[in-house]
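Here is a short walking tour for your viewer. Keep a selection tool handy, and follow the stops in order.

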Amino acid sequence: MNVVDRLSEKLLPIVAKINNQRHLLAIRDSFIITMPLVMAASFMVLLNALIFSNATIQRIIDLSSLAELAVIVNNGTMSILSIVVCYNIGVNLANYYIKNSIITDPAFNSVHAGILSIATMFILMPVNSIVTLANGETAEIGGVYLQSLTSSSGLATAMLCSLLATELFVRLTKFKKLKIKMPDGVPPAVATSFNSLVPEVLVILIFALFVFVLNKTTGLNVPDLINLIIQTPLKGFVLSVPGILFLQFFSDFLWVFGMHGSSILAPIRQAPLLQSIEENMAAFAAGHDIPNIITDPFTNAFGLIGGGGCILPLVIAILWVSKRAEQRQVAKLGLTTCLFNITEPVMFGLPVVMNPIYMIPCALIPSINIIIAYFATSIGLISKTVAAAPWITPPVVQSYISTGGDWRAALLTVGLIILDVFLFMPFVLASNKAAAMRGEQLVG
């Protein structure tokens, strides 16, 4: 057994267990559901910057009044991300217990878990806040939930309370004495509500009591406490160069063992990356300096050229220098899919997965690209990312859209593709040489 096989034998069970862990699975699937909202907000930000508020276009036709559309769309998308994620985590986690027969009561409904999650989230939020008025003065307001708590800034609170509330809810529903059984003939919706009545009330009271005691003893509110202990350190790690390089390398390292690294690491990286792109979008719409270099669109545009492992340059390198007929055939078939960042045909068809020759560059090259793109962004050669393009957007086009229409970012992506082709080339030639040593027939 070679080194790769031994490593795979030890690594696969561990990662598979992490990938199927119920809490991480619920969080990951919840973030996937939010993607259309992020795309809609990004589209309106770009329209606002490139058309509605563009000085050149305004000389021809004044569309500045339409800029408010971006604000309206943002209020219904990015500004409610935490609420959407909170609800879906509760539903997903409850569905896990139902599908795995941990909860067998037919009256148990996952929708109740989602609604309960939102209820507990708002219980944790303060309704008295200090705000800055239009004249620059500060004032305390009451009875208002701030957007900073319902947008991506509140994701840590949303994730934590939805997981805790659902776990408590599931455990309490197992106690038969807490159920109120309705007579036969009662509509299912009514029966389900009464069946969950006592467990839900108990969960709400537990959360309310915790908030009450915390406020009376320390004067702190829960979101501030979570931000201090969890969200700020996690954001600092993910948005740092060492942090994002570690996560990018580990993601691609998992990919070359046949595991979807991006999905596995999503519960760790997604919340800080969503928050960073939301901050960039808000600053871009307001005409302010863009605060963050590292965002989800940044890693997608420059670290995932052609999908995980930067497969598009590998395909080009194979078509250019490889003399192995089977590799060239796979590369031809996979070229189209790689243009839309779908890597599976090449990953498993070439294969890259478990291939000692191709595993090394596919695990390392994405991180090299990110280092180059980060340096180029930090010195102002290209713009920072301000929008999220759909993940199937082709490379070059994706970087152009993500940076708000910066042609220099598109040009950098072309340069990275060329560089990556040359980095992959020695490994393609090594694969040819290994095939020739095994006595395989090469073409051309």
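Start with the whole chain in view: among contacts with a separation of 6 or more, 71% are between residues 24 or more positions apart. Bear in mind that this is a predicted model. Colour by secondary structure and you will find 19 helices and two strands. Switch on the surface as well: the accessible area is about 21000 Å², and carbon and sulfur atoms contribute 69% of that. Of the 444 residues, 46% count as buried.

**Stop 1: α2 against α4**

Select residues 22-52 for helix α2 and residues 68-75 for helix α4. How far apart are their axes, and at what angle do the two helices pack? The axes are 9 Å apart, and the angle is about 170°. Since angles over 145 degrees count as roughly antiparallel, α2 is placed in that class relative to α4.

Now show side chains at the contact. On the α2 side, pick Ala 40, Ala 41, Met 44, Asn 48 and Phe 52; on the α4 side, pick Leu 69, Ala 70 and Val 73. Sorted by class, this contact has seven nonpolar residues, one polar residue and no charged ones.

**Stop 2: a salt-bridge network**

The chain has six salt bridges, and a good one to begin with joins Glu 167 to Arg 22. The closest N and O atoms of Glu 167 and Arg 22 are 3.3 Å apart. Select α8 (residues 155-173) to see Glu 167 in its helix; Arg 22 belongs to α2, so this pair ties together parts that are 145 residues apart in sequence.

Stay on Glu 167 and add Arg 171, which also forms a salt bridge with Glu 167, here with closest N and O atoms 2.3 Å apart. Both residues are in α8, four residues apart, or about one turn of the helix. Through shared partners, Arg 22, Glu 167 and Arg 171 become one network.

Which of the three is buried? Glu 167 is, with a relative accessible area of 11%. Arg 22 is partly exposed at 25%, and Arg 171 is partly exposed at 43%.

One further salt bridge to select is Asp 29 with Arg 28, where the closest N and O atoms are 3.3 Å apart. Asp 29 is partly exposed, with a relative accessible area of 28%, whereas Arg 28 counts as buried at 15%.

**Stop 3: three buried residues and their contacts**

Go to Thr 120 in helix α6 (residues 110-124). Is Thr 120 buried or exposed? Its relative accessibility is 0%, so Thr 120 counts as buried. Setting aside residues up to four places away in sequence, Thr 120 touches Cys 161, Ala 165, Val 203 and Phe 207.

Next, select Leu 214 in helix α9 (residues 188-218). Leu 214 is buried, with a relative accessible area of 10%. Beyond its neighbours within four places in sequence, Leu 214 is in contact with Gly 219, Leu 220, Asn 221, Val 222 and Leu 225. Draw a distance line from Leu 214 to Leu 225: these residues are 11 apart along the chain, and their C-alpha atoms are separated by 9.8 Å.

Then move to Gln 270 in helix α12 (residues 261-286), another buried residue, with a relative accessible area of 10%. Leaving out residues up to four places away in sequence, Gln 270 touches Phe 31, Met 35 and Asp 296.

**Stop 4: backbone details in the loops**

Most residues other than glycine have a negative phi, and most peptide bonds are trans. With that in mind, look at three loops.

Cys 310 is in the loop between α13 (296-303) and α14 (311-321). What is the phi of Cys 310? Phi is positive, about 50°, although Cys 310 is not a glycine. Cys 310 also counts as buried, at 0% relative accessibility.

Asn 341 lies in the loop between α15 (325-338) and α16. Its phi is near 65°, again a positive value in a residue other than glycine. Asn 341 counts as buried at 10% relative accessibility.

Finish at Pro 351, in the loop between α16 (344-349) and α17 (356-378). Show the backbone from Leu 350 to Pro 351: this peptide bond is cis, with omega near -10°.

How values were computed
Residues are numbered from 1 along each chain as its sequence is written. This is a predicted model: local features need pLDDT of at least 70, side-chain atom pairs count only at pLDDT 80 or more; totals for chains, interfaces and linings use all residues. Side-chain values use heavy atoms; hydrogens and water are left out. Axes are lines fitted to C-alpha atoms, for helices over the stretch in contact, and angles run from 0 to 180 degrees between N-to-C directions. Angles under 35 degrees count as roughly parallel, over 145 as roughly antiparallel, 65 to 115 as roughly perpendicular and the rest as oblique. Contact means heavy atoms within 4.5 Å. Ala, Val, Leu, Ile, Met, Phe, Trp, Tyr, Cys and Pro count as nonpolar, Asp, Glu, Lys and Arg as charged, and the others, Gly among them, as polar. Buried means under 20% relative accessible area, exposed over 50%, partly exposed in between (1.4 Å probe, protein chains only). A salt bridge is a side-chain nitrogen of Lys or Arg within 4 Å of a carboxyl oxygen of Asp or Glu. Accessible areas come from the Shrake-Rupley method with a 1.4 Å probe; for residues, only the protein chains shown count as cover.
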